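Colleague: I'm new to this one, and I'd like a close look at a single part before anything else. Could you pick a helix, walk me around it, and then show me how the rings and the odd backbone spots look elsewhere?

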Amino acid sequence: MNIEKNMKLPRNWFMTTIGEVGIVASGGTPSTQNKDYWGKEIPWITPSDLSKYTKKTISHGKRNISKEGLHNSSTKLLPKGTILFSSRAPIGYTVIAQNELTTNQGFKNLITTESLSSEYVYYYFKTLKPLAEEVASGTTFLELSAQKFSKLPFPLPPFDEQIDIVAKISELFSTLDCVDNYLIDLKNKLLTYRHSILNDKFKGKWKHQKWENILNIKNGKHYKGIENEKGKYPIYGSAGIINYTNEYLCNENSIIIGRKGTINKPLFIKEKFWNIDTAFGIEVNQEILNPKFFYYFTLTYNFLELNQSSTIPSLTKSKLLKIDMPVPDLKTQNNIVIEIEKSFSII
């Protein structure tokens, strides 16, 4: 660990270790065979409780233990403000105890003194994962011992500076949240604008045709193993192929529409590909239809309207073939494609 040498500290700071700035406490698990140890008043936290957990503090996990469970196991009652640091499966989850609670053995926890800001420790612990994994050991999974956790370096500023650092981090994070919200709002507006562009381009009073007259829809196949022409063409949506035959080979500039599951997000594929059974591969009659024109039309169509399944959304080939769409002359189609792509480029 070269962090002590590499980290340049301000004059009034000094480098110490985690074990020197507070009390390191591990957790434990009461016997699961004794029902009296579980489901009572004391919160009990495991690393899985912190999976996808984004808050700074935590008050409880999925399970509670009783006072009997506390006194008959190695877990400890941690005071409010204790910083939890997961030490295995995985290493690096960090959160502050919002109230008294306990943890399982998957944590190394720091009970702070009055000279430490819990939030300062929390933010520092958020940076510790690489260093903690470097000193951890284990064959099945990495685990950080209490001894090694205690010896990890800790940059200690005066208490007032800890408070200032926390305030500055909070200010910056607040700014980032505002930017995130703005970008999300902007993205939604651009998607709406993009959709309006597409809809506008297909409003012309042109001749309409059904898909059954202008398309070749291929059902696809469930592929399990590879027998010939290995690797010649990509496979979309599956891991292997039983038998490469032209029946399931789609030409360049074809469109994929999901048959099961994701049915409302068509894809335009420029190269030849093998088609699978969870999607339809659609080839257009290029004598009367520009493939890109057709693709952009599919982006305006709500295929969920054709779904008749109450569980997994699905489409049938017969339903697709009955879809009616505008088909102007090829020159008009080409111009519409150019206009759409110019607008998308601006977006």
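Modeller: Happy to, and keep in mind that this is a predicted model. Let's take helix 11, which covers residues 330–346. The helix has 17 residues and runs 24 Å from its first C-alpha to its last, close to the 24 Å expected at 1.5 Å a residue.

Start at the N-terminal end. Aspartate 329 caps helix 11 there, with a side-chain oxygen 3.1 Å from the backbone nitrogen of lysine 331. Lysine 331 also turns up among the exposed residues on the face turned away from the buried side, along with Ile338, Lys342, Ser345 and Ile346.

Now for the buried side. The buried residues of helix 11 are Gln333, Ile336, Val337, Ile340, Ser343 and Phe344. Look down the axis and these buried residues fall within an arc of 135°, so they line one face of the helix. What covers them? The cover includes helix 7 (159–201) and helix 9 (291–300).

Helix 9 is a handy stepping stone to the rings, as its range is 291–300. One aromatic cluster is made up of Phe202, Trp211, Phe293, Phe294, Phe297, Tyr301 and Phe303. Lysine 292 has a ring partner too: it lies over the face of phenylalanine 268, at 5.1 Å from the ring centre.

Over the whole structure, a search turns up 18 aromatic pairs. One of them joins tryptophan 38 and tryptophan 44, edge-to-face, with 4.9 Å centre to centre and 85° between the planes. Both tryptophan 38 and tryptophan 44 are buried. Tryptophan 38 has another neighbour to look at: arginine 63 lies over the face of its ring, at 3.9 Å from the ring centre.

Another edge-to-face pair is phenylalanine 85 with phenylalanine 125, at 5.6 Å centre to centre and 70° between the planes. This pair links distant parts of the chain, 40 residues apart: phenylalanine 85 sits in strand 6 (residues 83–87) and phenylalanine 125 in helix 4 (residues 118–125). Phenylalanine 85 counts as buried because its relative accessibility is 0%. Phenylalanine 125 is buried as well, with a relative accessible area of 0%.

Follow strand 6 onward and you come to a loop with some backbone surprises. Here's some background: most residues other than glycine have a negative phi, and most peptide bonds are trans. Alanine 89 lies in the loop between strand 6 and strand 7, and its phi is near 45°, a positive value in a residue other than glycine. At 53% relative accessibility, alanine 89 counts as exposed, because the cut-off for that is over 50%. The peptide bond from alanine 89 to proline 90 is cis, with omega near -5°. Proline 90 is in that loop too, ahead of strand 7 (91–97).

Asparagine 253 is another residue to check: it has a positive phi of about 60° although it is not a glycine. You'll find asparagine 253 in the loop between strand 14 (249–250) and strand 15 (254–258). Asparagine 253 has 29% relative accessibility, so it counts as partly exposed.

If you want to come back to where we started, turn helix 11 so that Ile336 and Ile340, two of its buried residues, face you. Then flip to the face turned away from the buried side and pick out Lys342, one of the exposed residues there.

Methods: Residues numbered from 1 in each chain as written. Predicted model: local features only at pLDDT ≥ 70, side-chain atom pairs only at ≥ 80, totals over all residues. Heavy atoms only, no water. Phe/Tyr/Trp six-rings, centres within 6.5 Å; stacked < 30°, edge-to-face > 60°. Buried < 20%, exposed > 50% of the residue type's maximum accessible area, 1.4 Å probe, protein only. Helix = DSSP H or I, 4+ residues; strand = E, 2+ residues; numbered from the N terminus. Lys NZ or Arg CZ within 6 Å of the ring centre and 35° of its normal. Expected span 1.5 Å × (residues − 1). Arc of directions from axis to C-beta. Contact = heavy atoms within 4.5 Å. Polar contact = N/O pair within 3.5 Å; in protein donor to acceptor, adjacent residues only side chain to side chain.
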